[in-house]
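User: Could you walk me through the reasoning behind a few labels here? I'd like to see how each one is earned.

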Amino acid sequence: MKKIAIGTTNPAKVAAVKAVFSHECYVFMPISVSSDVASQPFSDEETRLGAINRAKNALAKEQADIGIGLEGGVTETKDGLWLCNWGALVDRNGAVISAGGARIPLPSEVAAEVMSGRELGDVMDEYTGKRNIRQKEGAIGIFTNGYVDRTDMFIHITKLLAGQYEFFCQNGQFTL
Ligand SMILES: O=P(O)(O)OP(=O)(O)OP(=O)(O)OC[C@H]1O[C@@H](n2cnc3c(O)ncnc32)[C@H](O)[C@@H]1O
Ligand SMILES: [Mg+2]
């Protein structure tokens, strides 16, 4: 069995990794690690870097075969603040694979709170009157009326990682 270290204990993210990789081939080790970026990343670059750092930190901490990092952030556009999500997969041989996921705009009242320095997860709990939205359907689940929840969104990203990694392993080195 190969070991996959997942750089989070957030159930919405862990469930996504477990849904994509074979349970016959892999054991899964969710572990809390630093993203080495702000707890609320504010650009695609910072969010992607957070995912890569989580993957690398999880791989090292667990001495795993594969490390996976999933990171949520926001990105400013001329049409307001948008949710953005990134994932990364690293292995012991130095492969670094990354992929970006779905993006949707945030309502201006939510965006204003995040722009003032609050974390989106906290703003979402207040906005919905629910608790721990970040570990459940997520902002994406709320604002898509349940069509795509946070796990669905991270499943898509994890598939993009797994598929690229499989291609990488089958075809040798390529630059990402
Ligand atoms: O335990 P970790 O893995 O850190 O999980 P997290 O929920 O904090 O998730 P991120 O660090 O990846 O996300 C950065 C911030 O953005 C928030 N966030 C990102 N996407 C979200 C979503 O879909 N729903 C609610 N909060 C979200 C999150 O709560 C954090 O405040
Ligand atoms: Mg976090």
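**Strands, a loop and a ligand**

Analyst: Sure. Keep in mind that this is a predicted model. To start with, strands β3 and β4 (residues 80-91) run antiparallel and are joined by 12 bridges.

User: What makes β3 and β4 count as paired strands?

Analyst: Pairing takes at least two bridges, and β3 and β4 have 12. So they pass the cut-off and are paired. One such contact has Thr 75 with Trp 82 as its bridge partner in β4. β3 and β4 also form a hairpin, with 2 residues between them.

User: How do you know that β1 pairs with β3?

Analyst: Same kind of check: at least two bridges are needed, and strand β1 (residues 2-6) has 3 with β3, in the parallel sense. Therefore they pair. As an example, Ala 5 has Gly 67 as its bridge partner in β3.

User: Why is Gln 63 called exposed?

Analyst: Exposed means 12 or fewer other C-beta atoms within 10 Å. Gln 63 has 10, so it is exposed. Gln 63 sits in the loop between α2 (44-62) and β3, and UniProt, in an unreviewed entry, puts a "binding site" feature there. As for β3 (residues 66-77), that strand is mostly covered, with 9 of its 12 residues buried.

User: Which residues come nearest to ligand 1, and what classes make up its shell?

Analyst: Of the 19 residues around ligand 1, the nearest are Thr 8, Gly 72, Glu 119, Gly 121 and Gly 138. β3, α4 (120-128) and α5 (138-143) are the elements giving two or more residues to that shell. By class, the shell around ligand 1 has 6 nonpolar, 8 polar and 5 charged residues.

Note on methods. Residues are numbered from 1 along each chain as its sequence is written. Chains are lettered from A and ligands numbered from 1 in the order in which they are written. This is a predicted model: local features need pLDDT of at least 70, side-chain atom pairs count only at pLDDT 80 or more; totals for chains, interfaces and linings use all residues. A residue is buried if 20 or more other C-beta atoms lie within 10 Å of its own, exposed if 12 or fewer, and partly exposed in between; C-beta atoms are placed from the backbone. Helices (H or I, at least four residues) and strands (E, at least two) are DSSP runs, numbered from the N terminus. A residue is near a molecule or strand if its C-beta atom, placed from the backbone, lies within 6 Å of it. Ala, Val, Leu, Ile, Met, Phe, Trp, Tyr, Cys and Pro count as nonpolar, Asp, Glu, Lys and Arg as charged, and the others, Gly among them, as polar. UniProt positions are given in the numbering used here, feature names are shortened, and annotations may be inferred rather than shown by experiment.
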